[in-house]
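Me: I've got a fold to look through before lunch. Can you walk me through it?

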Amino acid sequence: MKYSSTDEEKDGLLGESRDGTIVYKRLPTAGPTLDTAIRVLNEAFYPEEPLCRALQVTQSPQAICDLDALFLGMAQDYLSVVALDAMSHKVVGVCFNKLETKPMEGNLDFYEVFKKRKCKEDRIKFFIDVLAEETAGIDLFEKYKTDAVVDLVCLTVLPDFKRRGIGKSLMEHSLELARRTNAASAACVVCSSTYTLKMAKSIGFTELTSVPYSQYIYEGRQFSDVIRDHASVVLVAKKLQ
């Protein structure tokens, strides 16, 4: 199921921080808020996220263009969440979420279609393969007896706004949005950092699989040689009550 929106949608407010300094909204499918959210990825996610670092995403304009297109496509499900500074209305964090539905036999999923038709840079195809590999061995639809799972794919917060609980709140509002809209009855996260894993576990996610970074090699570079601050890519999931 997909939803539509305008950038000035009036019912997009999801909540605010206890001190009222941060507001959380449903990310529109088009317009300046979405454009700014993509710029936040360029500023905070692509340079810092472990997989992006290992794949040297910021060194390739085409890789950045491909990732921008990937997340813009995810935004069309209208299940992503953005955090804004209450005073300036500046986007300070975002969680891009993808609605995964039980595939019909013979049909390509969102990632396969993107790789085949839109992705030009090999390192982004590898990035997508890592995400797919984590979920390949587990049928989440069968495990949670559901036809739809919301995947919290990309979570990032601007450096000046970290350590304020914004990342965890973005996760929580993403889950609540999926519940409220009846879009999905289960959720998953592929955690590429220990920080994301810790946040996910703190709100009830359970670890299902783990792949050490030492098992990933791209163009002769072993990921564990680049990513020394995180050990593994971990899949976590939970049932939405």
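Me: Which residues do ring pairs link into a cluster?
Reply: Phe45, Tyr46, Phe71 and Phe96 are joined into a cluster by ring pairs. Keep in mind that this is a predicted model.

Me: How many aromatic pairs does the structure hold?
Reply: There are 7 aromatic pairs. One of them is Phe126 with Phe223: the ring centres are 5.7 Å apart and the planes sit at 55°, so that pair is tilted.

Me: What does the Phe126 and Phe223 pair tie together?
Reply: Phe126 is in helix H5 (residues 122-136) and Phe223 is in helix H9 (residues 223-226), so the pair connects parts that are 97 residues apart in sequence.

Me: And Phe223, buried or exposed?
Reply: Phe223 counts as buried, at 1% relative accessibility. Its ring also pairs with that of Tyr216, with centres 5.9 Å apart and planes at 40°, so this pair is tilted as well. Tyr216 is buried too, with a relative accessible area of 3%.

Me: OK, switching to charges. Where does the charged end of Arg26 sit?
Reply: Over the ring of Tyr78, 3.7 Å from its centre. Another case is Lys143, whose charged end sits over the ring of Tyr144, 5.7 Å from the centre.

Me: Now the sheet. How many strands form it, and in what order?
Reply: 8 strands form an open sheet, ordered S1-S2-S3-S4-S5-S6-S10-S7, with mixed pairing. S1 (13-16) and S7 are at the edges with a single partner strand each, so one side of each has no neighbour in the sheet. On average, neighbouring strands are turned by 20° against each other, direction ignored.

Me: How do S1 and S2 pair?
Reply: S1 and strand S2 (residues 22-26) are antiparallel, paired over 3 bridges. In that pairing, Gly15 has Tyr24 in S2 as its bridge partner.

Me: What about S10, how enclosed is it?
Reply: Strand S10 (residues 232-239) has 7 of its 8 residues buried, so it's largely enclosed by the rest of the structure. Strand S6 (residues 186-191) runs antiparallel to S10, joined by 6 bridges, and Ala187 stands opposite Lys238 in S10. Strand S7 (residues 206-212) also pairs with S10 in the antiparallel sense, over 6 bridges. There, Pro212 has Ser232 as its bridge partner in S10.

Me: Which strands does H5 lie across?
Reply: H5 lies across S5, S6, S7 and S10, and runs at about 55° to S10.

Me: Let's pick one residue in S5. What does Thr156 touch?
Reply: Leaving out residues up to four places away in sequence, Thr156 touches Val40, Leu41, Ala44, Phe45, Gly93, Val94 and Leu170. Thr156 lies in strand S5 (residues 148-157) and counts as buried, at 7% relative accessibility. Phe45, one of those contacts, also belongs to the ring cluster from the start of our chat.

Me: Last topic, cysteines. How many disulfides are there?
Reply: The count is 0.

Me: Why is there no bond from Cys119?
Reply: Because the closest cysteine sulfur, in Cys65, is 9.9 Å from the sulfur of Cys119, too far for a bond. Cys119 is buried, with a relative accessible area of 7%.

Me: And which cysteine is nearest to Cys191?
Reply: Going by the sulfurs, Cys188, at 9.5 Å, and Cys191 is in no disulfide. Cys191 is buried as well, with 1% relative accessible area.

Definitions and conventions. Residues numbered from 1 in each chain as written. Predicted model: local features only at pLDDT ≥ 70, side-chain atom pairs only at ≥ 80, totals over all residues. Heavy atoms only, no water. Helix = DSSP H or I, 4+ residues; strand = E, 2+ residues; numbered from the N terminus. Buried < 20%, exposed > 50% of the residue type's maximum accessible area, 1.4 Å probe, protein only. Contact = heavy atoms within 4.5 Å. Phe/Tyr/Trp six-rings, centres within 6.5 Å; stacked < 30°, edge-to-face > 60°. Lys NZ or Arg CZ within 6 Å of the ring centre and 35° of its normal. Disulfide = S-S within 2.5 Å. Pairing = 2+ DSSP bridges. Axes fitted to C-alpha atoms, helices over the stretch in contact; angles between N-to-C directions.
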